[in-house]
Amino acid sequence: MKVNRHAKILELINKYRIETQEELAEHLNKEGFKVTQATVSRDIRDLKLTKIPSEEGKQRYAPHQASDNAMGEKYIRVLKDGYLSMDMAQNILVIKTVSGMASAVCAALDAMKWNEIVGSIAGDDTIMCAIRSVEDTIEVMDKISKIVS
């Protein structure tokens, strides 16, 4: 239940400009999650949500995104060393790696905790990432391209 609620919170804050815990609780209740303000407060802390400026000059909730500089150098190095190519099929991203490196590259991607990636699995030289949407898949590809270039 908590995992589903957390996924719905991330979906809602990406879809709407939610400024308060009360607004978030309202949206969750409309979606069938019976929550209190205290539950929403814990969820915000668990998800490490942050407030960012909105276009109207107010603050709204957003997922905390680590900048490229905040990523561990080891993850960047593993990604650069193991990466060969990538291709998308709708919201599925397939990444080809050096033979034997898929697990390490996949672990590095998981450690980056990109909200767009729902989950990933690795074989010997191939990773499959399930991405939230086609647009998010393009965003993830851009992020990876910036790292490996």
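Visitor: What makes the 20 residues of the largest nonpolar core a core?

Guide: In this predicted model, a nonpolar core is a set of buried residues of certain kinds, such as Leu, Ile, Trp and Cys, joined through side-chain atoms within 4.5 Å; the largest such set has 20 residues, and those with the most contacts inside it are L93, I95, W114, C129 and I144. Among the elements that each supply at least two of its residues are β4 (92-97) and α6 (134-148), while α5 gives the most, with five residues.

Visitor: Which residues is I95 in contact with, leaving aside its neighbours within four places in sequence?

Guide: Contact means heavy atoms within 4.5 Å, and I95 is in contact with Y83, S85, M86, L109, D125, T126, I127, C129 and I144.

Visitor: How do you know that the span of α6 agrees with what is expected?

Guide: At 1.5 Å a residue, the 15 residues of α6 should span 21 Å, and because its end C-alpha atoms are 21 Å apart, the two values agree.

Visitor: Why are the buried residues of α6 said to line one face of the helix?

Guide: T137, V140, M141, K143, I144 and I147 are buried in α6, and seen down the helix axis the buried residues fall within an arc of 160 degrees, so they line one face. The face turned away from that buried side carries the exposed residues E135 and K146.

Visitor: Why is K51 said to lie over the face of Y61?

Guide: The distance part of the rule asks for NZ of Lys within 6 Å of the ring centre, and K51 lies over the face of Y61 at 4.8 Å from that centre.

Conventions:
Residues are numbered from 1 along each chain as its sequence is written. This is a predicted model: local features need pLDDT of at least 70, side-chain atom pairs count only at pLDDT 80 or more; totals for chains, interfaces and linings use all residues. Side-chain values use heavy atoms; hydrogens and water are left out. Buried means under 20% relative accessible area, exposed over 50%, partly exposed in between (1.4 Å probe, protein chains only). Helices (H or I, at least four residues) and strands (E, at least two) are DSSP runs, numbered from the N terminus. A charge sits over a ring if NZ of Lys or CZ of Arg is within 6 Å of the ring centre and within 35 degrees of the ring normal. The expected span of a helix is 1.5 Å times one less than its number of residues. The arc is that of the directions from the helix axis to the C-beta atoms.
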